[in-house]
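Biologist: Before I take this back to the bench, can you walk me through the labels? I'd like to hear the reasoning behind each one.

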Amino acid sequence: MENKALVWKWVEAHQAMFCALSDRVWGMPEICYTEYRSVAEHTSMLQQQGFRVTENVADIPTAVMGEAGEDGPIIAFLGEYDALPGLSQAAGVAHYSPLPGNGHGHGCGHNLLGSAAMLAATALKSWLEETGMPGRVRYYGCPAEEGGAAKSFMARAGAFNGVDAAITWHPSAHHEVAKPLSLANTRMDFAFRGRSSHAAASPHLGRSALDAAELMNVGVQFLREHVPQDSRIHYAFLDAGGVAPNVVQAKSTVRYAIRARDVHAMFELNERVKRVAQGAAIMTDTQVDISIMSAVSNLLGNRPLEEAMQRNLEALGPVPFDQADLAFAAEIQATLTPEEIDNCYRKTGVKPASPKPLSDYIIPLDMHGEVMIGSTDVGDVSWVIPTVQAHIPTMAIGTPGHSWQLTAQGKMPAAHKGLAHVAKVMAATAIDVLTDKMLMAQMKKAHFEQVSEKPYHCPIPADVKPPVQPRPDAL
Ligand SMILES: [Zn+2]
């Protein structure tokens with residue numbers, strides 16, 4: 001614990017700078033691969049703190065990596081800073097009030113995520129310097145978590161090779177070690193091409209791409225009965241061919257998201273959906289071009305790392321929220337439905353007898369609530385190296401993910417307290433990995449056992465490049 005007391009004091013002494021970084025990123029919300037200003041903020045902070053900086057990681061201009069220390073094992077902290085469209089909102093008010101501008105907002109709290117991960121990395125850097133321990137610490141600034149799968153592209157490019165463990169977190173309403181549950185997910189576009197014709201005078205000469213896309217969707221509806229129950233298949237029309245009903249539509253594109261519990265099951269499901277599309281093309285005498293836009297793997301857990309993180313979480317106790325934090329969280333809760341609040345408790349399986357608007361308890365490691373899962377690109381990192389994630393409260397219980405209420409709380413003192421608290425949990429877990437040889441060995445064994453039979457295979461094909469966006473002229 002002496003080691004940890006040192007690093008926790010360091011976090012307390014330096015947290016203000018990282019809260020300010022988080023607030024600046026909150027104030028410049030940038031989405032999916034356009035995070036040029038946010039990555040510039042993270043890069044200059046890494047330089048100020050004395051990290052050796054690598055820009056343009058995996059040929060992504062909005063990704064950055066900072067490294068410090070010499071020799072020894074390498075611990076990585078993963079950060080994010082991308083925002084979401086449509087979630088602009090004034091800070092510190094408990095009613096819907098979007099700010100002027102492009103409408104983007106930090107509705108998933110990634111401003112906090114990146115700053116806390118860098119605070120943990122910087123605290124560990126100072127601990128390595130103080131103790132003279134061999135070991136290296138890295139901070140990875142990862143863009144485009146929302147829909148861009150940047151970490152999968154980074155993993156495919158080998159950006160995490162040689163790292164011993166990855167530690168990260170996500171803003172939450174609870175204190176817990178995140179369950180290693182997420183769905184593998186592929187975004188795939190099906191572009192049908194037919195032949196246009198006058199829909200009344202010469203329909204027999206036309207071949208309808210719109211018919212093909214509709215038949216594909218119908219085929220997939222029938223497929224649903226015969227896929228594993230935890231699979232998910234959704235679609236959206238990107239192009240329905242046009243607005244003229246008197247034209248046989250010569251082109252039509254439909255985008256699919258295909259999710260499965262495991263990346264290998266997803267590969268199989270992808271092939272089945274592709275065959276449905278090919279069947280639809282045969283039925284309509286059209287052609288189909290199929291392209292994967294992005295993909296992520298499911299998360300793999302690492303029990304020894306999860307146990308270490310849980311011990312640190314319990315040693316630290318809950319985030320020290322004060323009366324003012326509770327009062328604002330209560331105002332936010334007043335904008336939520338009872339179902340939203342109840343759903344938040346059901347997810348964890350724990351509901352205290354006298355619930356407060358902010359969590360003041362730690363969820364046990366083996367608590368199983370109602371599992372509701374999406375997908376995350378942290379999944380790909382977890383296939384390459386042992387990975388663990390914390391959830392720490394930065395928001396009122398019941399706050400929906402991707403909501404104006406979440407944006408409104410992203411700069412509040414409660415969020416800053418969560419940011420510093422989770423940096424302590426993450427840095428302490430890193431110290432455990434560096435100082436406890438048994439933990440290091442068990443963590444590696446647990447990882448090897450999971451990937452030895454089915455090694456990592458990036459779900460994004462080698463020829464698909466990250467959809468990087470141009471740097472704005474103003475920068
Ligand atoms: Zn998120």
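Modeller: Sure, and keep in mind that this is a predicted model. A cavity here is a set of grid points where a 1.4 Å probe fits but cannot get out, and its volume is the space filled by probe spheres set on those points. By that rule, the largest cavity holds about 80 Å³ of space, and the count of cavities of 30 Å³ or more comes to 1.

Biologist: What makes a residue part of the lining of the largest cavity?

Modeller: An atom within 4 Å of a cavity point does it. Among those that qualify are Lys 179, Leu 300, Glu 306 and Val 388. By class, the lining has 5 nonpolar, 3 polar and 2 charged residues. Strand β11 (residues 387-393) gives the most, with 3 residues.

Biologist: Why is Cys 108 called buried?

Modeller: Buried means under 20% relative accessible area, and Cys 108 has 10%, so the label fits.

Biologist: And why does His 110 count as buried?

Modeller: The cut-off is again under 20%; His 110 sits at 0%, so it is buried too.

Biologist: How do you know which residues coordinate the zinc ion?

Modeller: Donors are N, O and S atoms within 2.8 Å of the metal. Cys 108 (SG), His 110 (NE2) and His 170 (NE2) lie at 2.1 to 2.3 Å, and they coordinate the zinc ion. Water is not among the atoms, so a site may look incomplete. In sequence, the donor residues are spaced C-x1-H-x59-H.

Conventions:
Residues numbered from 1 in each chain as written. Predicted model: local features only at pLDDT ≥ 70, side-chain atom pairs only at ≥ 80, totals over all residues. Heavy atoms only, no water. 1 Å grid on protein atoms, 1.4 Å probe; cavity = no way out; pocket = protein on both sides within 12 Å on 5 of 7 lines; lining within 4 Å. Helix = DSSP H or I, 4+ residues; strand = E, 2+ residues; numbered from the N terminus. Nonpolar A, V, L, I, M, F, W, Y, C, P; charged D, E, K, R; others polar. Donors = N, O, S within 2.8 Å, 3.2 Å for Na, K, Ca; no water. Buried < 20%, exposed > 50% of the residue type's maximum accessible area, 1.4 Å probe, protein only.
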